[in-house]
Amino acid sequence: MDSRGGDPRPLGAEAVLDAAERTRADMYRREEHRRIYVATHMALRMLLGAYLEEDPAAVLLVREDCPGCGKPHGRPAVSGSPLHFSVSHSEGVALLAFAGSPVGVDVERPPALDALSHLLPSLHARERAELAALPPAERAVAFAACWTRKEAYLKGIGIGLAAGPHRHYVGGGSQAAPTPGWTLTDVTAPDGFMAACAVRNRDL
């Protein structure tokens with residue numbers, strides 16, 4: 001603790017993180033998971049600082065109200081700024097998006113084939129039917145494509161997975177299904193990963 005009685009801050013690059021981010025980082029049990037979280041949020045703050053022309057450490061991150069229940073656990077946001085952002089990281093890969101309207105992103109590694117039966121109930125009935133029509137060897141990648149679209153969309157609208165991902169149809173085929181008011185796009189990702197971005201149309 002410093003002489004002013006404030007929270008202790010780490011030295012070096014991690015000093016750009018706020019107290020909540022540092023607490024979240026320390027909750028990771030595995031060091032590699034902590035490192036990707038810290039690196040992702042350092043990148044987020046550096047880019048937000050550049051976009052907003054502010055000190056990255058001074059960017060005030062908040063949570064918007066959830067559109068479902070009204071409690072403050074909706075989309076992460078920059079206090080007082082029209083700039084929207086979304087962050088996802090998985091197994092050493094991170095994806096960040098910035099937009100002038102609500103946005104969500106997700107990046108995932110396809111699941112093992114023997115795990116699919118446990119994961120399929122989380123999809124919409126039409127998506128499950130679309131995956132069932134594929135050769136078995138293609139279903140894990142198709143599931144990951146569908147899931148990243150779904151999570152990106154749910155993050156974008158601010159309700160997250162708690163709202164029931166099986167209730168929302170985003171398409172289990174080779175392309176995202178049209179989603180009223182939103183543009184869903186599959187994003188190029190490193191080998192072995194799938195990624196997607198959802199952006200709310202600006203004319204809404």
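Begin by selecting strand 3 and strand 4, which pair in the antiparallel sense over 7 bridges. The model in the viewer is a predicted one, and the stops below move from this pair to the other strands, then to two loops, and finally to the protein as a whole.

**The first hairpin**

With residues 84-90 for strand 3 and 93-99 for strand 4 still highlighted, look at the register of the pair, where F85 has F98 in strand 4 as its bridge partner. The two strands form a hairpin that leaves 2 residues between them. One residue to pick in that turn is E91, whose phi is positive at about 50°, although E91 is a residue other than glycine. Is E91 buried or exposed? Its relative accessible area is 54%, and because the cut-off for exposed is over 50%, E91 counts as exposed.

Now keep strand 4 alone and show its side chains, since the strand has two faces that can be coloured separately. The covered face consists of V93, L95, A97 and A99, whereas A94, L96 and F98 make up the uncovered one. F98, the bridge partner of F85, therefore belongs to the uncovered face of strand 4.

**Strands 5, 6 and 7**

Select residues 103-108 next, which are strand 5, a mostly covered element in which 5 of the 6 residues are buried. Strand 5 pairs with strand 7 in the antiparallel sense, over 6 bridges, and a convenient place to check the register is D106, which has A196 in strand 7 as its bridge partner.

Add residues 182-187, strand 6, to the selection together with residues 194-200, strand 7, and a further antiparallel pairing over 6 bridges comes into view. Strand 7 thus pairs with strand 5 and also with strand 6. On the strand 6 side, T183 is bridged to V199 of strand 7. Strand 6 and strand 7 form a hairpin of their own, with 6 residues between them, and in its turn G192 has a positive phi of about 90°.

**A second positive phi outside glycine**

Move to the loop between helix 2, residues 31-52, and strand 1, residues 61-63, where E53 is found. E53 is not a glycine, yet its phi is positive, at about 55°. With a relative accessible area of 74%, E53 is exposed.

**Two loop residues with partners elsewhere**

Select G173 in the loop between helix 5, residues 139-157, and strand 6. G173 counts as partly exposed, at 34% relative accessibility. Which residues does G173 contact once its neighbours within four places in sequence are left aside? The contacts are with E130 and R149. A distance drawn from G173 to A142, C-alpha to C-alpha, spans 6.9 Å, while the two residues are 31 apart in sequence.

For a different pair, go to A115, which lies in the loop between strand 5 and helix 3, the latter being residues 116-119. A115 is also partly exposed, in this case at 24% relative accessibility. From A115 to A125 the C-alpha distance is 18 Å, with 10 residues of separation in sequence.

**The whole protein**

Finally, clear the selections and display the full model, which has 5 helices and 7 strands. Their order along the sequence is α-α-β-β-β-β-β-α-α-α-β-β. The hairpin of strand 6 and strand 7 corresponds to the two β symbols that end this pattern.

How does the radius of gyration of the protein agree with that of a compact globule, and what are the values? For 204 residues a compact globule would have a radius of gyration near 17 Å, and the protein has 18 Å, which agrees. Taken along the principal axes, the box that the C-alpha atoms fill is roughly 65 × 40 × 30 Å.

A colouring by accessibility would show buried residues as 39% of the 204, and the exposed area comes to about 11300 Å², of which carbon and sulfur atoms supply 55%. If contacts with a separation of 6 or more are listed, residues 24 or more positions apart account for 50% of them. A last selection is by charge, where 22 positive and 24 negative side chains can be picked out, the centres of the two sets lying 5 Å apart.

Note on methods: Residues are numbered from 1 along each chain as its sequence is written. This is a predicted model: local features need pLDDT of at least 70, side-chain atom pairs count only at pLDDT 80 or more; totals for chains, interfaces and linings use all residues. Side-chain values use heavy atoms; hydrogens and water are left out. Helices (H or I, at least four residues) and strands (E, at least two) are DSSP runs, numbered from the N terminus. The radius of gyration is taken over C-alpha atoms; the globule rule is 2.2 Å times the number of residues to the power 0.38. Buried means under 20% relative accessible area, exposed over 50%, partly exposed in between (1.4 Å probe, protein chains only). Contact means heavy atoms within 4.5 Å. Accessible areas come from the Shrake-Rupley method with a 1.4 Å probe; for residues, only the protein chains shown count as cover. Lys and Arg count as positive and Asp and Glu as negative; His and the chain ends are not counted. The place of a charge is taken as NZ of Lys, CZ of Arg, CG of Asp or CD of Glu. Two strands pair if DSSP finds at least two bridges between them.
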